[in-house]
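The questions below ask why certain terms apply to a model. Each reply sets a value against its definition.

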2 protein chains.
Amino acid sequence: MTTLKDLSRHLKLSVTQVSRALNDHDDVSQATKERVQKAAKLLNYRVNMSAKRLVTGRSGIVGLVVEQDGDVLEPQLFTQVIWGLSHAFSERGRQFILHATGAGGDVLREYESLIDSAGIDGFVITEPTLNDRRIAYLINRKVPFVVHGRVPDHTDYAFYDIDNFAVGHDLTRYLIDRGHQRIAFLNGPANRTYVEARREGYVAALTGAGLALDQTLHITGDMAATAGLVSCIRLFDKDNVSPTAIVCSNITLAEGAYAGLKALGLAVPDDVSVVAHDDLLPGHAATSFTPPLTTTMVPLSKGWPPIADLLSREIDGAPLEQVQMVESMDLIERGSVRTL
Amino acid sequence: MTTLKDLSRHLKLSVTQVSRALNDHDDVSQATKERVQKAAKLLNYRVNMSAKRLVTGRSGIVGLVVEQDGDVLEPQLFTQVIWGLSHAFSERGRQFILHATGAGGDVLREYESLIDSAGIDGFVITEPTLNDRRIAYLINRKVPFVVHGRVPDHTDYAFYDIDNFAVGHDLTRYLIDRGHQRIAFLNGPANRTYVEARREGYVAALTGAGLALDQTLHITGDMAATAGLVSCIRLFDKDNVSPTAIVCSNITLAEGAYAGLKALGLAVPDDVSVVAHDDLLPGHAATSFTPPLTTTMVPLSKGWPPIADLLSREIDGAPLEQVQMVESMDLIERGSVRTL
DNA sequence: CCTTAAAACCGAAACGTTTCGGTTCTTTAG
DNA sequence: CTAAAGAACCGAAACGTTTCGGTTTTAAGG
């Protein structure tokens, strides 16, 4: 391994100047910079990261901590997240470490040890919950992080999010505009922030149109086809109050809803209209539904590059407005809604 | 951040002794070791990895490089692998970095840059193929690695594997012992080493019993239920030569086979017997088949701790026999085989 | 009580980089 | 021609650990 010292000897320059040349500082002449670059390439010089880390205190490493109940998160989704993040950071020359904690371990302890001994520069936090302890801890320890999502009323940190309020609002409003009045909402896991935000959008659209709220029409649960099926069927338990339309928080839930409606002998959209939010997960195309599903759409995969950029900026101490981003979304009409 | 120096001051010991105490060297008295441990805990001391790395020349980081076609590998399986490895290494105080390469990128270049600039200590290689380029490259660069699997006739490196020959052999032999003579094999993707090894075991069992080989009875393909269904139905295209038993390389394939047999109006085990290898993936229990599936079993999850240990040993330069491991397996009789 | 061996300890160097606080050389202004 | 300013460079310290090559203390043997 060639070191800076080797280079400096070879170039008859001080180690200082070689270092500064390679890092493009401004008190090195252009000529020298080029000479150094050339020699570095010639001698196949590679900076020793460990040394650099020791002296700068930065590791270039970012991390994601996932808790043991990895089975709770759909494997499909987990794969997407892991893959997307890893790829985005890899492309930017950062190392992405994945830290899987044991069952029942204290997650905050894991963060602590990662920060203190592995010298991690920053974290990505996924699936934030209301009052997320991780966020509080990292703010407190002043460690950079970016949240994939947002906690309502508490947004003094870096995040990438989609407009979940609009998801709930626009889908519901779309149905209201077409004459629907009893609209059910099959939402995701109860304590997730995006689930809450979507519920608020749903409620706002209903009350904005002067429609009554019915608590029994909003159902939280896993984002899985099986959960959608069960919830959907339960919606029709007392058929005098059955909904004429269903909003699904996710396309997998919609698969369940379609199956449930079919089992009940109800047709989409003639008997019941269905709309959903589409993350564009591979293997679950809204177009391959029969009839094709009307959706709001933001590809999940769109988020990884921004997240990597936002975290890099956050690590570099950029101001708040440069480390927050809300992705816009499209509403795509297909054939799953009937105008009453 | 507490450092060794802080500790030594607090304990009125030299930095040397503190370091040696924490690393359990043998010229430190037991009493001192305990005193140091206690103080370290009290002052919340965490070793600074960067410094340790610099002086030892080791980064403590291990990596897994996954290629873009992450969708080819079942998400279910990918999740298991990533999770298991990450967890095993996390528990051992190593950082596990996941490097996802872009589409069509040169994987070997990715290894090169990871080795040279990130200072990675070693790699895990999963899903090896016959004549795997990664293995050749890493051997050539003298970078430690451990293979999850094995390449036949070329085993001068660290690996963890199960006895795939035995999987093919024992399942086939089990059927032969019960009077079956036309035995099909739904195997995995063609160029994978474990697929080949299982095929060899299958062939050996057949020829060992003096039975004829029929090329059309061995089918390679994806390890998915859909692939199993299709292959299974094709097996019965010409019914004069239909198999009386099917060996499946994987429990998901067996799900497909069960579905295919059902569709063809054939009963398990009365018309056709089925056996499979079981990796014990969550959500695919052999016991929940009807009838319950007879399998050879090695939990996939059993491998991650040994893999982490083997790689650690390999990094420490342990001799070949200490860095290779073949896991034994169980054959569990359930109700999916009929004695002819 | 002295000698020797073993046990316990310690100072200082080393790892490869960045950066602080200079110095030297060149150019420009008066 | 001199003073000042700016450009280009450099030595040495620092980061927190491990480890080499000792020294001191304790215990054992005679």
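What follows covers the protein around two DNA strands, then chain A as a whole, then single residues.

Q: What makes a local feature eligible for description here?
A: This is a predicted model, where local features need pLDDT of at least 70, side-chain atom pairs count only at pLDDT 80 or more, and totals for chains, interfaces and linings use all residues. Residues are numbered from 1 along each chain as its sequence is written, chains are lettered from A and ligands numbered from 1 in the order in which they are written, and side-chain values use heavy atoms, with hydrogens and water left out.

Q: Which residues come nearest to DNA strand C?
A: A residue is near a strand if one of its heavy atoms lies within 4 Å of it. There are 25 residues around DNA strand C, of which A:Leu4, A:Ser19, A:Tyr45, B:Ser14 and B:Thr16 come nearest. Of the strand C atoms within 4 Å of the protein, 62% belong to sugar or phosphate, and the rest to bases.

Q: Why is the pair formed by B:Thr16 and a base oxygen of DNA strand C called a polar contact?
A: A polar contact is a pair of N or O atoms within 3.5 Å; within protein, one must be able to donate a hydrogen and the other to accept it, and residues adjacent in sequence count only if both atoms are side-chain atoms. A polar side-chain atom of B:Thr16 lies 2.8 Å from a base oxygen of DNA strand C, so the pair meets the cut-off. A backbone N or O atom of B:Ser14 also lies 2.8 Å from a phosphate oxygen of this strand.

Q: Which elements give two or more residues to the surface near DNA strand C?
A: They are helix H2 (15-22) and helix H4 (49-56) of chain A, together with helix H2 (15-22) and helix H4 (49-56) of chain B. Helices (H or I, at least four residues) and strands (E, at least two) are DSSP runs, numbered from the N terminus.

Q: Which residues are closest to DNA strand D?
A: Of the 24 residues that surround DNA strand D, the closest are A:Ser14, A:Thr16, B:Leu4, B:Ser19 and B:Tyr45. Sugar and phosphate account for 60% of the strand D atoms that come within 4 Å of the protein. H2(B) gives the most to this surface, with four residues.

Q: Which atom of DNA strand D is 3.0 Å from an N or O atom in the side chain of A:Asp27?
A: The partner of A:Asp27 is a base nitrogen of DNA strand D. For B:Asn23, an N or O atom in the side chain is 3.1 Å from a phosphate oxygen of the strand.

Q: Why is chain A called more spread out than a compact globule?
A: Chain A has twelve helices and twelve strands. Its radius of gyration is 26 Å, well over the 20 Å that the globule rule gives for 340 residues, so chain A is more spread out than a compact globule. The radius is taken over C-alpha atoms, and the rule is 2.2 Å times the number of residues to the power 0.38. Along its principal axes the C-alpha trace of chain A spans about 90 × 40 × 35 Å.

Q: Why is B:Ser8 called buried?
A: Buried means under 20% relative accessible area, exposed over 50%, and partly exposed in between (1.4 Å probe, protein chains only). B:Ser8 has 8% relative accessibility, so it counts as buried. This residue is in helix H1 (residues 4-11) of chain B. A polar atom of the B:Ser8 side chain lies 2.9 Å from the backbone oxygen of B:Lys5.

Q: How do you know whether B:Gly60 is buried or exposed?
A: The relative accessible area of B:Gly60 is 16%, so B:Gly60 is buried. B:Gly60 is found in the loop between H4 and strand E1 (61-66) of chain B. Leaving aside neighbours within four places in sequence, B:Gly60 is in contact (heavy atoms within 4.5 Å) with B:Arg94, B:Gln95 and B:Asp121.

Q: What makes the phi of A:Glu127 worth listing?
A: Most residues other than glycine have a negative phi, and most peptide bonds are trans. Phi of A:Glu127 is near 50°, a positive value in a residue other than glycine. With a relative accessible area of 23%, A:Glu127 is partly exposed.

Q: Which kind of peptide bond runs from A:Val268 to A:Pro269?
A: The bond is cis, with omega near 0°. A:Pro269 lies in the loop between helix H11 (251-263) and strand E9 (273-278) of chain A.
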